Amino acid sequence: MTRHARKPSEPWPGNRPEPGRRSVLAAGGALGLAASGLLAGCGGDTKDGGGGDRFRAAFTAGGSQETLDPHVAPNFVDQARAKALYDTLATYTDDMSARARLAESWESDTSGTRWRIRLRTAEFHDGNPVTAKDVLHSYRRAADPATGSPSQVLLSAIDFDASRADGERSVLFVLKAPNFEFPTVLAGPGTEIIPDGTKDFREPIGSGPFTYVSFTPGGTARYRRWADHWDGAPHIAELEIVPANEESARLNALLSGQVHYAADMAGASVERLKKEGSTRLLTARRATAQQLLLRTGRKPFDDPRLVRAVQLGIDREALVRVALAGHGEVGNDLFGMGLRGYPEDLEPRERDVDEARKLVAEAGAEGLAVTVETSSVDAAWEPAAELMARQLREFGLRLTANTRASSTYFSEIKTKGVAAFNTTSTLPVSDFLQQRVRGGAARNQTQYASEEFDALLDRARTTRGEQERLGLLARAQKIARDGSGLLVWAFSDANDAVGPSVSGLRAAPPNSHDWARFDRVRVG
Amino acid sequence: MTPRTKTDAVRTRARHPWIASALLGVPVLVALAGPWTAGDAPSAEGALPSQPPGAGHPLGTDVLGRDVLWLVLHGGASVLGSALGALLVGLAVGVPLGLLAAGPRRGFDESVMRGLDLLLAFPGLLVLMTLAATGHRDWYWLVTVAGILQVPAVARLVRGAALEPGSRTVVEALWMQGHGWAYIHLRHLARQLAAPLATDAGGRFAVVLYLLASANFLGLGLPSSSPDWAVLIERNSDALFTQPAAVLVPAGLLTALCVGGNLLVDRALARRRTDR
Amino acid sequence: MRAYLLRRSLLAVIQCLVVLVAVFAVGTLLPGDTADVLRGELGTPEQVAALRTQLGLDEPAWTRFGHWLGSLLTGHLGNSLTTGLPVGDDIGRRIGVTLLLGVPALVLVTVVAPLLGTVSGLREGSRTDRTLNTAAVVLHAVPEFVLGLLLVASVSLAAGLLPATAIGMDTAALIAQPAVLVLPVAVLTARHLCDLARQVRAGVAAGRHGPVAEHLRLLGTRERTVVLRHVLPGALGPAAQQFARCVEGLLGGAVLVESVFGFRGLGSGFVEAVQNRDLPQVQTYALLFAGTAVVVNLVGDLVAFRLAPRREVTA
């Protein structure tokens, strides 16, 4: 069900799609109901849907509000489309470290304030070279709050008056404050390089591996292979990105050969695909951090004993087994397990109901009623809320779930409630800490404010040596882990599936370079 | 085409409706007796979700890792109750309005019917989505809205049947004989309306049932963890092919209920006609 | 008759207006606005405020409604808040898909339901009747998505006879490949067809044994005439009104079928518009649905009127 509206995501396409059948069935009901062509959908193509030349990928789409503006990329499908048409200066490896892409190299001065980026030789689809001017235009545009780029906050650290082009293929960025983690910004979504002066995206021109053919908002996007791409031409002649918001529709299309790629398979579909055998699952482990946000700036969670009680009292194993249907692993209250900068030497949280009960009693909160905000945005939340309610009852807290409308869920929980569910896809750990945990940050929803933590983050940013810098980040995270109120109770897998004739795609975390990398794909 | 032959009547009368009775009886029995027969509620730890039938779980587990058998035994009463409730709301409001419209006052007819057209023209989905989004989630909101959504249909049906030519002839005859409005409407029209209304109510029950179930997914009505049969069907729909029991058992019970109920209604109507 | 039509048409306009006002009023109760939805989780307060100003959402709600209504009078439906494009664009793209699903379904229902209902009703209690009637009851009671998914699994995936989904296909592609429409139309039709067929059956069965039919038979009227002149019109009267609602259901209520088979029609468009808090678009959908409902009801009433002219019961 429908799951339909856009699904707002973490810093970019992150979470699972919209409430699918839920809204859809309701709709059907509410309004009072509510073979010769053979496996069609793709003309005279082979059963596999593409005739070896045309590749079709099915995604949950954002509906009629979609644009091809790469700087406004709220959903996974936007990211997939942006990857086809555009390049970014850098790109993320699987552990979210930055790797050069359109940039050939980067270097900073000793203070970490002035960054020189050298561009490789590349062309836009119209034959013009990619120059420093294009980069400056793109970044200026994405840093404008009116554009709505997910990277806007990070880009606003650039002092554009002082930054300048230094020749055709060299840019000098001057930052408002030193930052040795700046290269991760160059790989952020919504930082795609567009030709200088571009304002209109009806006939978009980029420097990516595919050229634009056609697109309707909420509908199919068609692309053609661009033979002159600097990184080598794609293997397929045409790429089609088709919308299918209902998971069962994507699954059926894949199983019947109407598409080659079905994004975002969950629970039961994954089990079915495993049995099916002919298709291949691409499972990215730890792709999504499942969080419970406890607002430490408000009653009752301004009492650290209650935060601690919840940390100790929830049964993470059971949550993974039931709410995630076993498709995930236990979280340790910190974002980014396995990513660069995650402290590796942490003890797992052992469940201790007695201690939790004691803490609740000490806080004088036995029988306290707490409401957790949830929504159908992620299928795991409602079962998790239900299970947590039973677990919290064991140590004296009465949890009830308040289900909010999915499309406005994230904007509502910014200001409302004391506890809420959230998910975040993979992104650089330092960015997450800066934007989500630092005191006073716009996206810090738990209202955590620790001077010690902020000071460590600042020191890390201005520390040149990488090992030393990561060491400081690790220290900061250990402090935030106990006090921030941001509980990561699990990491869930992300699953995409490909048809039998597809090769050249591997399981990769969302937002990383290799995810939905259709220029490397082969059919047949 | 022979009208009401002797064999027709005999055949109808002779056949005992044991199939229809069983179809209706089993779900009702499960719904009413279920809560007393089953054991404890599923534990907080929970088993693996959507497991096919196996040891300890004769019908497997649902998407939340709960025992499907337990859920099925506990989820009948709420679904029957709320669907009947919504249906009653629809009938309680719709039938009088329909009769009023079919009555002698032309002005009433126009205002009632045009008013109902408004309701019909209003997107019910928007109301449900708004109720859900603004926190009016209690079951009685849903039952009321689901019932009200049925009103235009019921009222139109009643009005249509009451204005049916045969009916009018008799009503006019009764009117001439000096019977009062109440007598005509309560005695004669009730008989006249019973057939289409009962048929409609049988079908409408299924409509209401699934409307209630689907509204659940907007966060309206019963909580999504409720063992309610309709909720179970919706929640487990994705697992239709991996754990079919979680969908097909409650769906089978609901289908049996609807089918049995409808067949008995049909039969009763047929008997009434042939016995007349 | 003409006066009646004129009055009803005038009423229809007023009805649509009332619905629009009500839809707008309900719509403003929804939490959040388009700026919240578009900027989502990542939007900083600054970004959301910038967008809100840009979209004119900082104006009072009723002022915006007034603007929209004003432009409607000049024939413009306004621009979508989410896309900035005329709302007609998106609805225009979707309406073809909905018609391709709805019209065949409607034709099927119109032709088959009275036929089956009459056959069944005239032979009430016979084997044919029991089979047809039981089938209708069962089909009506099976959840639609179960029916849809089972049909896809058996007909498309296992037997490979028909396409499984219509994803990525626009109106032109659907017309070129009508096979795609078979399963969705079947699912869409099933419930309405069964409902209507049973309604006709009940009417026919009741009418056949009714006092008027008996009376006509006593007068020596041929059975054929009794059925065609009396029983059928009597049964189709209420059915015509039932049918009116089924049109509306097929038009706007196909959300489930659209999603199971991956269509982009009006049903999912409306849900999307509500979720996006795109009130100009929601209102345009409401106008479309309300207009259709009012017109179809009028037609239903006229048909019912033909079949059973309302007589004044005057003392």
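**Exercise 1. Work out whether A:Q311 is buried or exposed, and what surrounds A:Q311.**

Start with the count: A:Q311 has 22 other C-beta atoms within 10 Å. Now the cut-offs: 20 or more other C-beta atoms within 10 Å of a residue's own make it buried, 12 or fewer make it exposed, and anything in between is partly exposed, with C-beta atoms placed from the backbone. So A:Q311 is buried. Next, place it: A:Q311 sits in helix α8 of chain A. Helices here are DSSP runs of H or I with at least four residues, strands are runs of E with at least two, and both are numbered from the N terminus. Leaving out neighbours within four places in sequence, A:Q311 is in contact with A:D333, A:R349 and A:L487, where contact means C-beta atoms, placed from the backbone, within 7 Å.

A word on the ground rules: this is a predicted model, where local features need pLDDT of at least 70, side-chain atom pairs count only at pLDDT 80 or more, and totals for chains, interfaces and linings use all residues. Residues are numbered from 1 along each chain as its sequence is written, while chains are lettered from A and ligands numbered from 1 in the order in which they are written.

**Exercise 2. Describe how α8(A) packs on helix α10 of chain A.**

First, the geometry: α8(A) and α10(A) (residues 353–362) have axes 8 Å apart, at an angle of about 160°. Axes are lines fitted to C-alpha atoms, for helices over the stretch in contact, and angles run from 0 to 180 degrees between N-to-C directions. Under 35 degrees is roughly parallel, over 145 roughly antiparallel, 65 to 115 roughly perpendicular, and the rest oblique. The two helices are therefore roughly antiparallel.

Then the residues: A:R305, A:L306, A:R308, A:A309, A:L312 and A:G313 of α8(A) meet A:V353, A:E355, A:A356, A:L359, A:V360 and A:E362 of α10(A). By class that contact has seven nonpolar, one polar and four charged residues. Nonpolar covers Ala, Val, Leu, Ile, Met, Phe, Trp, Tyr, Cys and Pro; charged covers Asp, Glu, Lys and Arg; the others, Gly among them, are polar.

**Exercise 3. Do the same for α5(B) and α7(B).**

In chain B, the axes of α5 (residues 106–121) and α7 (residues 139–162) come within 9 Å and cross at roughly 140°. That makes α5(B) oblique to α7(B). B:L116, B:L119 and B:L120 on α5(B) touch B:V151, B:P152 and B:A155 on α7(B). Sort them and you get six nonpolar, no polar and no charged residues.

**Exercise 4. Check the span of helix α11 of chain A and find what its buried residues pack against.**

The expected span is 1.5 Å times one less than the number of residues. For the 13 residues of α11(A) (381–393), that comes to 18 Å, and the end C-alpha atoms are 18 Å apart, so the two agree. Ten of the 13 residues are buried, so α11(A) is largely enclosed by the rest of the structure. Among the buried ones are A:W381, A:L387 and A:Q391. The buried residues pack against α8, α9, β14, β15 and β16 of chain A.

**Exercise 5. Look at the backbone of A:R286 and A:Q447: what is phi in each?**

A:R286, in strand β12 of chain A, has phi near 55°, a positive value in a residue other than glycine. A:Q447, in the loop between α13 and α14 of chain A, has phi near 60°. For surroundings, A:R286 is buried, with 20 other C-beta atoms within 10 Å, whereas A:Q447, with 17, counts as partly exposed.

Terms used
Two residues are in contact if their C-beta atoms, placed from the backbone, lie within 7 Å.
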